[in-house]
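Before this goes further, I would ask you to look at the aromatic rings and at the nonpolar surface with the following points in mind.

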Amino acid sequence: MKHSTVDEASQTYDFIIVGGGLAGLSTAYYLNQSKFKTAKILIIDQDTKQTNDKTWSFWENGQGDFDHLVHQQWKGIWFHGSNQFSAFLPIDSYRYKMIRSVDFYDYMHQQLSVNPNIVFLHTVVEQVTGKEPIGGIVKTQQGTFIAQKMVFDSTFRLPYTNWHYSQMLQHFKGWVIETNEEVFDIEKPTMFDFRIDQHNECRFVYVLPQSTRKALVEFTIFSDNLLEDTIYEQHLKAYIQEFLKIEKYQIHEVENGIIPMSDEPHVQIPFPYVIRIGTSGGYVKASTGYSFSRTQRKLKQLVAELEQVNGDFDTFDYQKESWFFPEYAATWKDYLDSVLLDVMLKKRHSAKDIFTRLFSKNKPSQILKFLDEDTRLEDDIAIMRTVPIIPFIISAVAVFFRKLWYYLR
């Protein structure tokens, strides 16, 4: 795909997007559909994003904006949990969907390359800052660029080492495998399989069939420590042999990643004219690590709010003053995330059993709605009554006083 490239004489743009992944390309996509369609936009990423480096799995109620990119979708999910609970669970009007990143990248590049006002630069970013009245400033190995309205930065990463907060990681490795025989049911993915040894952590495997002979098999852990790469591979091999009963297969693609699961607040406006987006802005749901749908919702809203102020940072800055000094827990939903994180991190109860109770004692579609933060207070209370009460009360109290201390200090 041919992109418009940076003119060496042009160092100033209306918007600069740092990072050309999910959040960066989505921001450009929504800007391109807004009143900023004629704005000069620079997208900077050191990678050309031409390979399938990850798979986004998410659930959605009904049709979505990117259904044409969905590689596979399902009406129900297999769940294998504690106490020998195994069931294929219908999810009503929801659909569990899978998008391959390379398909997303290709589509976004096709859409954006049509607009000559959007240009791409492949280089290493060295610094992102901002200064009044200049604007957002991005220093790269190919020069310094100025955004007169806003810089959107998706590359900043918190160290996640502040232990005043719950700090966990979702880390995983997956293989897209192909077999010689038809072994997969294309209509029935496995979303959670907790039958593997938990090692006193939260460990599960999910299997997303792409055909009767091809599937993504991914080994995932929620914990505060990483493993050697060979250990992930050992668990994948063991699962494929023991539970899928597959002896011979070919590995076509490999993906791995580390996603923060943290209730540490994210400063979304670190400098004048700079807004952090995606993981940098705290878009990842702390208790699950899911980000695709949340990222789309938040970026749509962000661009709509920028339209209301015509992209003027000073007006937007006034409206979003809390983004400079985020609260410890901004909402009730954030508090629930913090409580679940505390339960898992402090190992107050088996995560395997917690998720089993959630999915076996409630309608699965209601749990998906709950995880999407789309439920009412009375729904949340009803759902929380199905988890082990004492461990959650202990964590709820601990989290409350921790947040109170943070607020009063």
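1. A charge is counted as sitting over a ring if NZ of Lys or CZ of Arg is within 6 Å of the ring centre and within 35 degrees of the ring normal. In this predicted model, Arg276 is placed over the face of Phe156, at 3.5 Å from the ring centre, and Lys40 is likewise over the face of Tyr13, at 5.1 Å from the ring centre.

2. As for contacts between rings, the model holds 34 aromatic pairs. One of them joins Phe58 and Phe292, whose ring centres are 4.5 Å apart with the planes at 20°, so this pair is classed as stacked, given that planes under 30 degrees apart count as such. Phe58 belongs to strand β4 (residues 55–61) and Phe292 to helix α4 (residues 292–308), so the pair ties together parts that are 234 residues apart in sequence. Both Phe58 and Phe292 are buried.

3. The two residues of that pair also belong to a cluster linked by ring pairs, in which Phe58 and Phe292 are joined with Tyr29, Tyr30, Trp56, Phe66, Phe104, Tyr105 and Tyr107.

4. On the surface, please examine the nonpolar patch of about 1,100 Å², which is made by Ile389, Ile390, Ile393, Ile394, Val397, Phe400, Phe401, Leu404, Tyr407 and Leu408. Ile394, one of these residues, is located in helix α10 (residues 389–408) and is partly exposed, with a relative accessible area of 42%; patches are made of residues with over 30% relative accessible area and no salt bridge.

How values were computed. Residues numbered from 1 in each chain as written. Predicted model: local features only at pLDDT ≥ 70, side-chain atom pairs only at ≥ 80, totals over all residues. Heavy atoms only, no water. Phe/Tyr/Trp six-rings, centres within 6.5 Å; stacked < 30°, edge-to-face > 60°. Helix = DSSP H or I, 4+ residues; strand = E, 2+ residues; numbered from the N terminus. Buried < 20%, exposed > 50% of the residue type's maximum accessible area, 1.4 Å probe, protein only. Patch = residues over 30% accessible without salt bridge, like charges linked within 9 Å, V, L, I, M, F, W, Y side chains within 5 Å. Areas by Shrake-Rupley, 256 points an atom, 1.4 Å probe, with all protein chains shown as cover. Salt bridge = Lys/Arg side-chain N within 4 Å of Asp/Glu carboxyl O.
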